[in-house]
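The exercises below are meant for a reader who meets this structure for the first time. Each one sets a task and then works through a solution step by step, so please keep the structure in view while reading.

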Amino acid sequence: MSIDFVAIDFETANQKRASACSVGLTKVKNGKIVDSFYSLINPEDVFNPFNTYIHGISKEMVEAAPTYFDVIQDVKIFIDDLPLVAHYAPFDMGVIRESNDRYNVMDFDAYYFDSLYLTKQYIKSISYKLSYLSDTLGIKFKHHDALDDSRACAELILHLCKDNNFLDIQTLLDGARYSKMGRVTNSEGSKFRINKNTSKTNGIDIDSIINSVDKTTLDNNHPFFEKHACFTGKLESMTRQSAMTLLAQCGGVPEKSVNRKVNFLVLGEQDFRIVGDDLKSSKIIKAEKLLNDGQDIQLLSEDDFLRMI
């Protein structure tokens, strides 16, 4: 699997999931947005004024629109066999399941994953709303427009892949501890599954990295031997997992956060959209505080880290 998927978003006429009034889809193939699909949907139901206020779609606008049964036929063709992704997927997959049940759709089957969950694994943010993340990352869109929402979701997934040097969706999911995608079959569904491991940071299994090292080959005189190190920012030369593996192979101990055991903090490129104009991540700020408190901790550039390795 490469970076291939379809981002999807529904808007509903009221509080019922089976009241879809619009759908937007954005298709990504080989890491590029290649196609899109949008349609209004006649929900054959009442419009809640609050819903109309949120997305701007009224009963009059959808009177001539196709029903969900007709639209989902086009959606299935557009999706083909690609996995779906949505920001807070339980809502959009719920729309599909309950609408399939309402309209007796018996030939729908798709796998899905959740961009909301993924962003929580890879991005530190005070909010994980699609609008906030998009603004932070410079993704421009009109919120609660189904097509724009799906495109923003797609660009968010592409950002996660690029920022972490992932070349396919499976690696992205593996890094976030997905053990299994969710699935929607007609009106039935199964949730995605997550492997729980408290020794992981951004989906990296630190225990497995340490246990993979042959202790008999370690050099006791290496500068990283029995030293604890943490990483912040994006490394240019390798993924963070690769850097942690190199550290462990020198006898070092990767840490998921800056604490009183940490001897080195390796600085990757800082994203000002996330850390602010001073380009200081929370890890850098904590390391500076520990240094002022007398802890023996050094800040290393990526080049310094590579030379020491």
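The model shown here is a predicted one.

**Exercise 1. Place Tyr53 in the chain, decide whether it is buried or exposed, and find the surface patch it belongs to.**

Step 1. Begin with the position in the chain: Tyr53 sits in helix H1, which covers residues 49-55.

Step 2. Turn next to the accessibility, where the relative accessible area of Tyr53 is 69%; because exposed means over 50%, Tyr53 counts as exposed.

Step 3. Finally, look at its partners on the surface: Tyr53 forms a nonpolar patch together with Phe50 and Ile54, and the accessible area of the three together is about 370 Å².

**Exercise 2. Describe the largest nonpolar core, and state which residues touch Ile157.**

Step 1. The largest nonpolar core holds 57 residues, and the members that touch the most others are Phe5, Leu84, Phe113, Leu118 and Ile157.

Step 2. Helix H6, made of residues 146-163, supplies the largest share of this core, with 8 residues.

Step 3. Once residues up to four places away in sequence are set aside, Ile157 touches Phe5, Val85, Phe113, Ser115, Leu118, Ile169 and Leu172.

Step 4. Another core of 20 residues lies apart from this one, and Phe224, Met238, Ala243 and Cys250 are among its members.

Step 5. As background, nonpolar side chains tend to be buried together in soluble globular proteins.

**Exercise 3. Work out the strand order of the open sheet made of 4 strands, and identify its edges.**

Step 1. Read across the sheet, the order of the strands is E13-E12-E14-E15, and their pairing is parallel.

Step 2. Strand E13 (253-254) and strand E15 (298-301) are the edge strands, since each of them pairs on one side only.

Step 3. To see one pairing in detail, take strand E12 (residues 228-232), which runs parallel to E13 and is joined to it by 2 bridges; within this pairing, His228 has Val253 in E13 as its bridge partner.

**Exercise 4. Examine how strands E2 and E3 are paired, and find the residue with a positive phi in their hairpin.**

Step 1. Strand E2 (residues 20-29) and strand E3 (residues 32-40) are antiparallel, and 8 bridges make up their pairing.

Step 2. One of the positions to check by eye is Gly24, which stands opposite Tyr38 in E3.

Step 3. The hairpin of E2 and E3 has 2 residues between the strands, and there Asn30 takes a positive phi near 50 degrees.

**Exercise 5. Compare the setting of the salt bridges Lys76 to Asp107, Asp109 to Arg183 and Lys261 to Glu255.**

Step 1. The count of salt bridges in the model comes to 7, and the three pairs are taken in turn.

Step 2. The side chains of Lys76 and Asp107 meet at 2.6 Å, N to O. This pair links distant parts of the chain, for Lys76 is in helix H2 (residues 68-79) and Asp107 is in the loop between helix H3 (89-102) and strand E5 (109-114), 31 residues apart. Lys76 is buried at 17% relative accessibility, whereas Asp107 is exposed at 51%.

Step 3. Asp109 and Arg183 also meet through their side chains at 2.6 Å, N to O. Asp109 lies in strand E5 and Arg183 in strand E7 (residues 182-185), so this pair ties together parts that are 74 residues apart in sequence. Both partners are partly exposed, Asp109 with a relative accessible area of 43% and Arg183 with 31%.

Step 4. For Lys261 and Glu255, the N to O distance is 3.6 Å. Lys261 is partly exposed at 48%, while Glu255 counts as buried at 11%.

**Exercise 6. Locate Tyr88 and Arg177, and describe their phi values and their accessibility.**

Step 1. Tyr88 is found in the loop between strand E4 (84-86) and H3, and although it is not a glycine, Tyr88 has a positive phi of about 65 degrees. Its relative accessible area of 42% makes Tyr88 partly exposed.

Step 2. Arg177 is found in the loop between helix H7 (169-175) and strand E6 (178-180), and its phi is positive too, near 75 degrees. With a relative accessible area of 17%, Arg177 is buried, because the cut-off for buried is under 20%.

Definitions and conventions: Residues are numbered from 1 along each chain as its sequence is written. This is a predicted model: local features need pLDDT of at least 70, side-chain atom pairs count only at pLDDT 80 or more; totals for chains, interfaces and linings use all residues. Side-chain values use heavy atoms; hydrogens and water are left out. Patches are made of residues with over 30% relative accessible area and no salt bridge: like charges are joined within 9 Å, nonpolar side chains (Val, Leu, Ile, Met, Phe, Trp, Tyr) within 5 Å. Accessible areas come from the Shrake-Rupley method with a 1.4 Å probe; for residues, only the protein chains shown count as cover. A salt bridge is a side-chain nitrogen of Lys or Arg within 4 Å of a carboxyl oxygen of Asp or Glu. Buried means under 20% relative accessible area, exposed over 50%, partly exposed in between (1.4 Å probe, protein chains only). A nonpolar core is a set of buried Ala, Val, Leu, Ile, Met, Phe, Trp, Tyr and Cys residues joined through side-chain atoms within 4.5 Å. Contact means heavy atoms within 4.5 Å. Two strands pair if DSSP finds at least two bridges between them.
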